[in-house]
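Please look through the two-chain model shown here and read the report that accompanies it. The report takes the chains in turn, together with the contact between them.

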Amino acid sequence: MRRENRGQIRVIEAFLAVLIIFSAFTVSANLTVSQNRPPRIDLASVGTEALMTLDSDGTLGYYIANGNWTALREALSLVLPIGTTFNLTVYDEYTQRISEAAVSNGGFNSQDICFVEYVCASRNPVFSSYIVHLELAVAS
Amino acid sequence: MRSRKETLKRNSSGQLLIVAALAIALLISSTTTYVYEVTRVTDNAPSSPASNLALAMKQTTRNAMISSLANASNGGAISVLASNLAELSEAVSHLSQFGICSLAGTILNESGYASGVRLEWGASGLGASSAYANFTLQVHGEASKMTMRFQINVTTSIAINGSYVTLGSGEKNVSLICYVGNDGLPSLAESLRVFYYDAGNWTQAGALNGLAVKDRGDGTYSVSFTVAVADPVQVSVQAIDSQGIFVRADITCPAS
């Protein structure tokens, strides 16, 4: 009986060995797949960097001071990644809203909306400071 | 005895196979997990929102300093820096994203600075317009508490050097080299005006004097013009840099 079963046991053992190695490969492959997901964009950093880029040469303050909302919208569209929707509102230092028109490139169709708050100081010899509220979302 | 050992060996060879398989599986899994963890830490390294605010605030305060210096150097009161920083602090106090924010600016009143502004427009061929302030940014929020201190110094400088040659007509051909810099880097002069001292007045050199200004593209400008003045030939160069900051330097040109 034992000798008759020995062959079957060898088959079961070999099967188990294959199963163990195969499961190791399966787990590893899953880890790799989950890692290949596109990294989540840190929208807050992206938004802050975009505003800082515009502010680095005084462009942001210049557009706001002149009420040039069209140019500001176009400039933001250029510095933000493609597929990002935004809505920008500008207030003065006493939180009175300045921007009458919506500085936006479309409606939000994502529930993952990020909010960025930024203080902009104009470089104009006649000083002005503004509080900028920027809402951002990745278009789905 | 020998055949018994061989039998035992043969019987346990399947178990060895499983143990070896387990060891290989363990190696594969641990290696993959290690690689995954190492790369995951790099990918998900979060940028602190408060650090974003700190970077943005440095940018904002620099702009405020540039605005104040542009105002003060163009004839405004030097107290403009203090009032502008007070206005900026007011705006910062309304930020609420990370909690309660406060920005305190302390203007420098030593080392040639008065109310944080230094306007040194000397007769030795060097001139500088500078603003300096120390800042303390504080954020008190549920998620982040932060205190950051930093200094902002905005300086626009000019250096001129030159000489003159007396022409056969008795007029003097003045050649100058002007360097305009901003925070130690070459700067573009939006406006460059040249004056010479004649009969107790500063007179602007222009087309009548054959004024020629050549931009060398590295913050350096070659200037030449002809004047009919008695010795000494005193020249003043006034520049406004690309940020709107005014700076001036005077020099007495020697004969070459």
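The following paragraphs describe the predicted model, from the make-up of chain A to single residues of chain B.

**Chain A and its domains**

Chain A contains 4 helices and 4 strands, and their order along the sequence is α-α-α-α-β-β-β-β. Of its 140 residues, 30% count as buried. Among the contacts in chain A with a separation of 6 or more, 63% are between residues 24 or more positions apart. The domain assignment divides chain A into domain 1, covering residues 1–37, and domain 2, covering residues 43–138. Taken over C-alpha atoms, the centres of domain 1 of chain A and domain 2 of chain A are separated by 57 Å.

**A helix pair in chain A**

Two packed helices are described by the angle between their axes and the distance between the axes. In chain A, helix H2 (residues 43–55) and helix H4 (residues 69–79) have axes that come within 10 Å and cross at roughly 120°. Because angles of 65 to 115 degrees count as roughly perpendicular and those over 145 as roughly antiparallel, this crossing makes H2(A) oblique to H4(A). The crossing of H2(A) and H4(A) is right-handed. On the side of H2(A) the contact is made by Ala50(A), Thr53(A) and Leu54(A), and on the side of H4(A) by Ala75(A), Leu76(A) and Val79(A). By class, the residues of this contact of H2(A) with H4(A) divide into 5 nonpolar and 1 polar, with no charged residue.

**The contact between the chains**

The contact between the chains draws 40 residues from chain A and 42 residues from chain B. On the side of chain A that touches chain B, the elements that give two or more residues are helix H1 (2–35), H2, strand E3 (114–121) and strand E4 (129–138) of chain A. The largest share of that side comes from H1(A), which gives 15 residues. When the residues of the side of chain A that touches chain B are sorted by class, 21 are nonpolar, 12 are polar and 7 are charged.

**Domains of chain B**

For chain B the domain assignment gives domain 1, made of residues 49–122 + 131–154, and domain 2, made of residues 158–253. The centres of domain 1 of chain B and domain 2 of chain B, taken over C-alpha atoms, are separated by 34 Å. Between these domains, 8 residues of domain 1 of chain B are in contact with 8 residues of domain 2 of chain B. On the side of domain 1 of chain B that touches domain 2 of chain B, helix H2 (residues 49–73) of chain B gives the most, with 4 residues. That side of domain 1 of chain B has 5 nonpolar and 3 polar residues, and no charged residues.

**Backbone features in loops of chain B**

Two residues of chain B that are not glycine have a positive phi, and the table sets out their values and places.

| Residue | Phi | Loop in chain B | C-beta neighbours inside 10 Å |
|---|---|---|---|
| Asp183(B) | about 55° | between strand E5 (172–182) and strand E6 (185–186) | 12 |
| Ala199(B) | about 55° | between strand E7 (189–198) and strand E8 (201–204) | 7 |A residue counts as exposed if 12 or fewer other C-beta atoms lie within 10 Å of its own. Asp183(B), with 12 C-beta neighbours inside 10 Å, therefore counts as exposed, and Ala199(B), with 7 such neighbours, therefore counts as exposed as well.

A further backbone feature is the cis peptide bond that joins Asp231(B) and Pro232(B), for which omega is about -5°. Pro232(B) has its place in the loop between strand E10 (220–227) and strand E11 (233–241) of chain B.

**The surroundings of Ala189(B)**

Ala189(B) lies in strand E7 of chain B. Is this residue buried or exposed, judged by its C-beta neighbours inside 10 Å? Ala189(B) has 22 of them and therefore counts as buried, since the cut-off for a buried residue is 20 or more. When its neighbours within four places in sequence are left aside, Ala189(B) is in contact with Val180(B), Tyr221(B), Ala239(B), Ile240(B) and Asp241(B). Between Ala189(B) and Thr136(B) there is a separation of 53 residues in sequence, and from C-alpha to C-alpha they are 33 Å apart in space.

How values were computed: Residues numbered from 1 in each chain as written. Chains lettered and ligands numbered in written order. Predicted model: local features only at pLDDT ≥ 70, side-chain atom pairs only at ≥ 80, totals over all residues. Axes fitted to C-alpha atoms, helices over the stretch in contact; angles between N-to-C directions. Parallel < 35°, antiparallel > 145°, perpendicular 65-115°, else oblique. Left-handed = near helix turned anticlockwise from the far one by under 90°. Contact = placed C-beta atoms within 7 Å. Nonpolar A, V, L, I, M, F, W, Y, C, P; charged D, E, K, R; others polar. Domains from an automatic or database assignment.
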